[in-house]
Amino acid sequence: MANDTNKFQAIISHCKEYGFIFPSSEIYDGLSAVYDYGQNGSELKKNIRDYWWKWMTQLHDNIVGIDAAIFMHPTTWKASGHVDNFSDPMIDNKDSKKRYRVDHLIEAFADTLPKEAGEAILQQMDQLLAKEDFAGLKKLIEDNKMKCSVSGTCNWTDVRQFNLMFSTEFGSVSGDEGENMVYLRPETAQGIFVNFLNVQKTGRMKIPFGIAQVGKAFRNEIVARQFIFRMREFEQMEMQFFIRPGTQKQWYEYWKEERMKWHLSLGISPEQYRFHDHVKLAHYADAACDIEYNFPIGFKEVEGIHSRTDFDLRNHQEFSKKKMQYFDAETDENGKPYGNYIPYVIETSIGLDRSVMMVLSEAYEEQDLSTAEKQDSRVLLKFPPKLAPVKLAILPLVKKDGLPEIARQLMDECRASFRCFYEEKDAIGKRYRRQDAIGTPFCVTIDHQTKEDGMVTIRYRDSMEQERILLKDVKELVEKAIQ
Ligand code: ATP
């Protein structure tokens, strides 16, 4: 079995080889920290997204979903604090006046060094970035005599903050500077906050209630060398739960527990998770923690749970001059109506791509199947059946004697209910291995005997065990397994 760093690399290669994840625009050498999902990866991602959506909206009281636009009014990001607070370090060359992202400058320099020396510099950079040690970053640049590509000098300003939001021009004609500028949203949450009253009123929602959303978010990330763990375009699955002020502690604990249940319901063992409570809180939070998963690169955040107080709604009220209040007709223990207030919010925010990475890390296994007679091995993805891209492979043993027809009939019976894959080429062993590699939980082989007794061989991915079952029972067996 590969060690953990190798396992991470092995997963990346496997993802590419089996149509899960490709570097974006690869024919042009890719685009840093941007990835495309292939035929199997997009199915896996969709299954995780659907599972989260169903679990949050359908299986909880009083949570509904929305789908807000990526573009939002630019004032949204002033109100949310992103214009002022969402930033990373940069540096200017005093002679050429050219501005560099600190990480880009150091990365370009590291590329000119022998591999090991380059990696050492990058490691130092990552540590300094993590500590937000700007003086240390400047010193690293100066000590290594990193030069500006335009002036050729090492005459640098201090390191300063750089906003992580991407901006673009809105409309067909560009106006005065900044006039038509919009941001690509760096989180989906704000689309929920600005629609809080629309949903509450039209849905006649009563507090406590939640609004869920899944969608793309964009961040011009500074450390971006960790496959789909840290991307510049990624997907978030977020839920804002609106509550009475003063009840935040209890709901925060509730959602911590509830979200952990979701993770465990993926069949992942509790030892693979831990909570990490934030000591240094963001400007909007009165409590926050991460759910960390034990990735092959170590325990890292996959989800954040934040008690966001009334920060966002209050600021939107102030910036928009529109009331963001809720009228609570219920009474407290003294019989006094709660009346009007700005609700408090508990947020659960999980990265979809990081969830894909988590599910892949959990599922990936290299097995040595060698016997005294011959060497053998296989790579399999042990996805929970409900998340597997393909649920059932239908394999006629040979391409003749009416076997493909029976197989096609089974395919027609099943394909509306779940995703099936039909294949009649190559030896059956080879076909099984290909299905193991994409994580298909069930393979069914149709042979000559099927014509006599209406039975097929079903082969289970994880145990590789095989048994004969009735052809007419196949669909139900798979349906039960993917519920
Ligand atoms: P990190 O500390 O890793 O940068 P964060 O605390 O900034 O993450 P949040 O703003 O809380 O992240 O976003 C919620 C979730 O969105 C994270 O838990 C993570 O799963 C996901 N996420 C955030 N940034 C990225 C990214 N650049 N690429 C992929 N997923 C991301």
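Reader: How far apart are the mean positions of the positive and negative charges of the protein?

Author: One averages the places of each kind of charge and then compares the two averages. In this predicted model, the mean positions of the 65 positive and 75 negative charges are 2 Å apart.

Reader: How many helices and strands does the secondary structure of the protein comprise?

Author: The secondary structure comes to 16 helices and 23 strands. Along the principal axes, the C-alpha atoms fill a box of roughly 80 × 75 × 50 Å.

Reader: What percentage of the residues count as buried?

Author: Burial is judged by relative accessible area, with under 20% as the cut-off. By that criterion, 50% of the 483 residues are buried. The protein exposes about 23900 Å², of which carbon and sulfur atoms supply 49%.

Reader: Which strands supply at least two residues each of the shell around the ligand?

Author: Strands E10 (233-243), E13 (298-309) and E16 (344-351) each do so. E13 gives the most, with five residues. The ligand has 15 residues around it, and those that come nearest are Glu221, Arg230, Met231, Glu301 and Val302.

Reader: Which residue has a polar side-chain atom 2.9 Å from an oxygen atom of the ligand?

Author: Polar contacts are read from distances between N or O atoms, with a cut-off of 3.5 Å. The residue in question is Arg219. In the side chain of Glu301, an N or O atom is 2.6 Å from a ligand oxygen, and a polar backbone atom of Gly351 is 3.0 Å from an oxygen atom of the ligand. On its own the ligand has 580 Å² of accessible area, and the protein covers 82% of that area.

Conventions
Residues are numbered from 1 along each chain as its sequence is written. This is a predicted model: local features need pLDDT of at least 70, side-chain atom pairs count only at pLDDT 80 or more; totals for chains, interfaces and linings use all residues. Side-chain values use heavy atoms; hydrogens and water are left out. Helices (H or I, at least four residues) and strands (E, at least two) are DSSP runs, numbered from the N terminus. Buried means under 20% relative accessible area, exposed over 50%, partly exposed in between (1.4 Å probe, protein chains only). Accessible areas come from the Shrake-Rupley method with a 1.4 Å probe; for residues, only the protein chains shown count as cover. Lys and Arg count as positive and Asp and Glu as negative; His and the chain ends are not counted. The place of a charge is taken as NZ of Lys, CZ of Arg, CG of Asp or CD of Glu. A residue is near a molecule or strand if one of its heavy atoms lies within 4 Å of it. A polar contact is a pair of N or O atoms within 3.5 Å; within protein, one must be able to donate a hydrogen and the other to accept it, and residues adjacent in sequence count only if both atoms are side-chain atoms.
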